[in-house]
Amino acid sequence: MSSPKVDLAISLVQDLIRSGKIKPGDRLPNEAEFSTQLGVSRNSLREAVRAMSAMKILEARQGDGTYVSGLDPTQMIETLRFAVDVSGPEAVLWFLEIRILMELHTTAIAAARRTKADLDRLKQCHQSMLNAEDTDTLLKKDSEFHHIIAETTQNPIMISLLNVVSAPALRARIWRNRMTDSATNNLRIEHEAVLNCIEAQDVEGAKYAMYAHVSGVQTWVKAHPDFFFNEEDPVAPSNPAE
């Protein structure tokens with residue numbers, strides 16, 4: 001339920017958290033006491049708690065009351081995934097534009113900062129892609145490859161945001177792989193180009209190679225908006241970063 005009264009209750013609770021009057025891990029007062037304290041009805045407070053629990057701001061514990069969560073930004077960012085998953089082709093293109101910018105940034109960081117361990121992980125992942133005999137395995141390793149690159153930023157918020165905006169790209173790539181024979185081979189070639197530039201610590205080259213790779217998904221969605229959604233929507237790998 002969304003209403004001005006519920007929105008007010010959410011705002012009042014958020015103000016208490018921002019001010020530090022209630023902190024991560026604190027237990028909220030019981031519903032009757034808290035609704036009186038905030039000056040809102042119990043029904044409005046109840047709906048506000050439900051909404052804020054869905055946003056990972058609050059945590060309802062069965063038989064123990066409601067607590068302020070750890071306020072982990074990476075978990076709260078994950079709540080945006082549903083908005084991505086249900087977006088139509090136009091919104092998907094907007095998400096893909098954001099995704100491209102983030103991929104270029106993380107790839108540049110990987111090329112500049114990558115360690116031998118990072119490079120070894122990327123090489124191992126790419127080899128697994130070369131050896132993959134089915135599309136599901138290939139796509140799983142594709143996701144892993146991008147996730148390893150994102151991890152070089154050592155920025156958990158960046159990694160979470162990239163995971164979220166990559167979700168529609170992964171679905172698009174699944175369909176593109178199923179609809180064209182050359183897509184799987186192109187995927188391997190594009191990843192190898194990115195890998196070679198990261199190994200050489202060629203920042204600009206790595207960005208260019210990544211753009212050539214991820215912009216292909218955007219091009220496909222633009223060309224096939226009617227194919228992006230289908231009743232037999234495939235199940236994506238657990239890690240959404242393509």
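When I call a residue buried, I mean that its relative accessible area is under 20%. With that in mind, and remembering throughout that what we are looking at is a predicted model, let me begin with helix 3.

In helix 3, the buried residues are Ser 44, Leu 45, Glu 47, Ala 48, Val 49 and Met 52. The elements that cover them include two helices, namely helix 1 (4–19) and helix 2 (31–38), together with strand 1 (58–61) and strand 2 (65–68). Helix 3 takes in residues 42–54, and because 13 residues at 1.5 Å a residue should span 18 Å, the 18 Å between its end C-alpha atoms agrees with what is expected. After helix 3 comes Lys 56, which has a positive phi, near 65 degrees.

Lys 56 brings me to backbone angles, where the general background is that most residues other than glycine have a negative phi. Two glutamines in loops are worth pointing out here. Gln 154, which sits in the loop between helix 8 (135–151) and helix 9 (156–179), has a positive phi near 55 degrees, and its relative accessibility is 71%, so Gln 154 counts as exposed. Gln 201 lies in the loop between helix 10 and helix 11 (203–223), and its phi is likewise positive, near 55 degrees, but with a relative accessible area of 40% Gln 201 is partly exposed.

Let me stay for a moment with the loop between helix 8 and helix 9, since Thr 152 is also found there. Is Thr 152 buried or exposed? Its relative accessible area is 7%, and therefore Thr 152 is buried. If we set aside neighbours within four places in sequence, the residues in contact with Thr 152 are Thr 106, Ile 109, Ala 110, Arg 113 and Asp 118.

Of those, I would like to follow Thr 106, which belongs to helix 6 (residues 89–113) and which, at 0% relative accessibility, counts as buried. Again not counting residues up to four places away, Thr 106 touches Ile 149, Ala 150, Thr 152, Thr 153, Met 158 and Leu 162. For Ala 150, which is 44 residues from Thr 106 along the chain, the two C-alpha atoms are separated by 5.5 Å.

Finally, I turn to helix packing, where two packed helices are described by the angle between their axes and the distance between the axes. Helix 7 (residues 116–131) packs with helix 10 (residues 183–199) at an angle of about 165 degrees, their axes being 11 Å apart, and this angle is why helix 7 is described as roughly antiparallel to helix 10. Their crossing is left-handed. On the side of helix 7 the contact is made by Leu 119, Leu 122, Lys 123, His 126, Met 129 and Leu 130, and on the side of helix 10 by Leu 187, Arg 188, His 191, Glu 192, Leu 195, Ile 198 and Glu 199. By type, the residues of this contact are seven nonpolar, two polar and four charged.

Helix 10 also meets helix 8, and here the axes come within 12 Å and cross at roughly 20 degrees, which means that helix 8 is roughly parallel to helix 10. This crossing, too, is left-handed. From helix 8, Leu 138, Asp 142, Phe 145, His 146 and Ile 149 take part, and they meet Thr 184, Leu 187, Arg 188, His 191, Val 194, Leu 195 and Ile 198 of helix 10. The residues of this second contact divide into seven nonpolar, three polar and two charged.

Methods
Residues numbered from 1 in each chain as written. Predicted model: local features only at pLDDT ≥ 70, side-chain atom pairs only at ≥ 80, totals over all residues. Heavy atoms only, no water. Helix = DSSP H or I, 4+ residues; strand = E, 2+ residues; numbered from the N terminus. Expected span 1.5 Å × (residues − 1). Buried < 20%, exposed > 50% of the residue type's maximum accessible area, 1.4 Å probe, protein only. Contact = heavy atoms within 4.5 Å. Axes fitted to C-alpha atoms, helices over the stretch in contact; angles between N-to-C directions. Parallel < 35°, antiparallel > 145°, perpendicular 65-115°, else oblique. Left-handed = near helix turned anticlockwise from the far one by under 90°. Nonpolar A, V, L, I, M, F, W, Y, C, P; charged D, E, K, R; others polar.
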